[in-house]
Amino acid sequence: MKSEEQQQQHGDRGLSSTVAFVFSMLTHILLLVSVLYIVGLGFQNYQLFSWHPICMALSAGFLLIEGVYAISGEAFVSKKLTRKNRITLHWILHLVGLILMTIGLVITIVNKNKLGKDHFVTTHAQLGLAVFVIVWVIAAFGILANNAQWFYPTVRPVLLKVVHSCAGICMVILLLATVINGTYTKWWGKSGGTETSKGLVFAALFIAGVLVIVKPIIGAIARTRVLMRPPPSAQSSSNVAAS
């Protein structure tokens, strides 16, 4: 028979698993409902430009965010995967998301040219362009962080991972800020979006964003503590000198 302590530990793990499942489902529901609503508005007032919010919502509001959520191990599906498989899922989601984001950017440029309008003159356009460049830079840096052995021992692997983690957290915030900012453009009202739906989308994406970045923030703090310690080689040298 199990001891009382073993039963308590099993119960704690069960409760923790249940809580993780609930938060994972809540995060996915909030993201999906918001993104699908924006996609629906795009098809409701369908034209060439409609593919811009559709592609951007799917990439910035779901796929890229899911990529961050997957690598943290908090998503219910990816939690059951090995670290190596989570990394693979992470870059696949980000690659598809970046492709869609690029398509969305090209579409708005083509549409502006078609209408004879100036490019990147609004706050949303400027924010979107800045985030587009930043996300590609972070993705490129991710390749370096995943191959830290290329720079070892000149650069400690934990340093690359801390920088990439912090950049990923900022990326989530910027992506969701851009999507939310898009709901405050003229397109929202012209496509049938209401003030109530705008507020609900804002709240849903904000809550989902907080849930997504909690674990990465904790991980970044833990790695930063490791980074503050002397590297293993320095510790070994100190031990030898002391002896």
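Here are some short exercises with worked solutions on the predicted model shown above.

**Exercise 1. Find out how far the model can be trusted, and where it should be read with care.**

Start with the chain as a whole. The average pLDDT is 86, and 86% of the residues score at least 70. Next, look at the weak stretches. Over residues 4–12 the pLDDT is below 50, and this stretch has two contacts in the model beyond near neighbours in sequence. Residues 236–243 also have pLDDT under 50, and for them the model has zero contacts beyond four places in sequence. Then draw the practical conclusion: where pLDDT is low, the predicted coordinates should not be read in detail.

**Exercise 2. Describe the overall make-up of the chain.**

First, count the secondary structure: there are eight helices and zero strands. Along the sequence this reads α-α-α-α-α-α-α-α. Second, turn to burial, where 37% of the 243 residues count as buried. Third, consider the contacts between residues at least 6 apart in sequence: 74% of these join residues at least 24 apart.

**Exercise 3. Work out how α4 and α5 are arranged, and what lies between them.**

A quick reminder before the numbers: two packed helices are described by the angle between their axes and the distance between the axes.

Step one is the geometry. Helix α4 (residues 123–146) and helix α5 (residues 157–182) pack at an angle of about 155 degrees, with axes 9 Å apart. Angles over 145 degrees count as roughly antiparallel, so α4 is roughly antiparallel to α5. The crossing of this pair is left-handed.

Step two is the contact. On the α4 side, the residues include L127, V131, I134, V135 and I138. On the α5 side, they include A167, M171, L174, L175 and T178.

Step three is the chemistry: the contact of α4 with α5 divides into 15 nonpolar, eight polar and one charged residues.

**Exercise 4. Zoom in on V135 and T178, and describe the surroundings of each.**

Begin with V135, which lies in helix α4. Its relative accessible area is 2%, so V135 is buried. Leaving aside neighbours within four places in sequence, V135 is in contact with L64, L98, M171 and L175. Take the pair V135 and L175: they are 40 residues apart in sequence, while their C-alpha atoms are 8.7 Å apart in space.

Now move to T178, found in helix α5. T178 has a relative accessible area of 13%, which means that this residue is buried. Not counting residues up to four places away in sequence, T178 touches H124, L127, G128 and V131.

**Exercise 5. Describe how α7 packs against α5 and against α2.**

Take α5 first. Helices α5 and α7 pack at about 170 degrees, with their axes 9 Å apart, and are therefore roughly antiparallel to each other. Their crossing is left-handed. Among the residues that meet are V162, C166, I169 and V172 in α5, and L205, V212, I213 and I217 in α7. By class, this contact of α5 with α7 has 18 nonpolar, three polar and two charged residues.

Now take α2. Helix α2 (residues 51–72) and helix α7 (residues 195–228) pack at an angle of about 40 degrees, with axes 9 Å apart. This angle makes α2 oblique to α7. The crossing of α2 past α7 is left-handed. The contact is formed by I65, V68, Y69 and S72 of α2 together with L211, V212, K215 and P216 of α7. These residues divide into six nonpolar, one polar and one charged.

To finish, look for names on both lists: V212 and P216 of α7 take part in the contact with α2, and V212 and P216 also meet α5.

**Exercise 6. Where is the cis peptide bond, and which residue that is not a glycine has a positive phi?**

For the peptide bond, check omega: a cis peptide bond joins Y152 and P153, with omega about 5 degrees. P153 sits in the loop between α4 and α5.

For the backbone torsion, check phi: F120 has a positive phi of about 55 degrees although it is not a glycine. F120 lies in the loop between α3 (83–115) and α4. With a relative accessible area of 30%, F120 is partly exposed.

Note on methods: Residues are numbered from 1 along each chain as its sequence is written. This is a predicted model: local features need pLDDT of at least 70, side-chain atom pairs count only at pLDDT 80 or more; totals for chains, interfaces and linings use all residues. Side-chain values use heavy atoms; hydrogens and water are left out. Axes are lines fitted to C-alpha atoms, for helices over the stretch in contact, and angles run from 0 to 180 degrees between N-to-C directions. Helices (H or I, at least four residues) and strands (E, at least two) are DSSP runs, numbered from the N terminus. Angles under 35 degrees count as roughly parallel, over 145 as roughly antiparallel, 65 to 115 as roughly perpendicular and the rest as oblique. A crossing is left-handed if the near helix is turned anticlockwise from the far one by less than a right angle, and right-handed if clockwise. Contact means heavy atoms within 4.5 Å. Ala, Val, Leu, Ile, Met, Phe, Trp, Tyr, Cys and Pro count as nonpolar, Asp, Glu, Lys and Arg as charged, and the others, Gly among them, as polar. pLDDT is the predictor's confidence in each residue, from 0 to 100. Buried means under 20% relative accessible area, exposed over 50%, partly exposed in between (1.4 Å probe, protein chains only).
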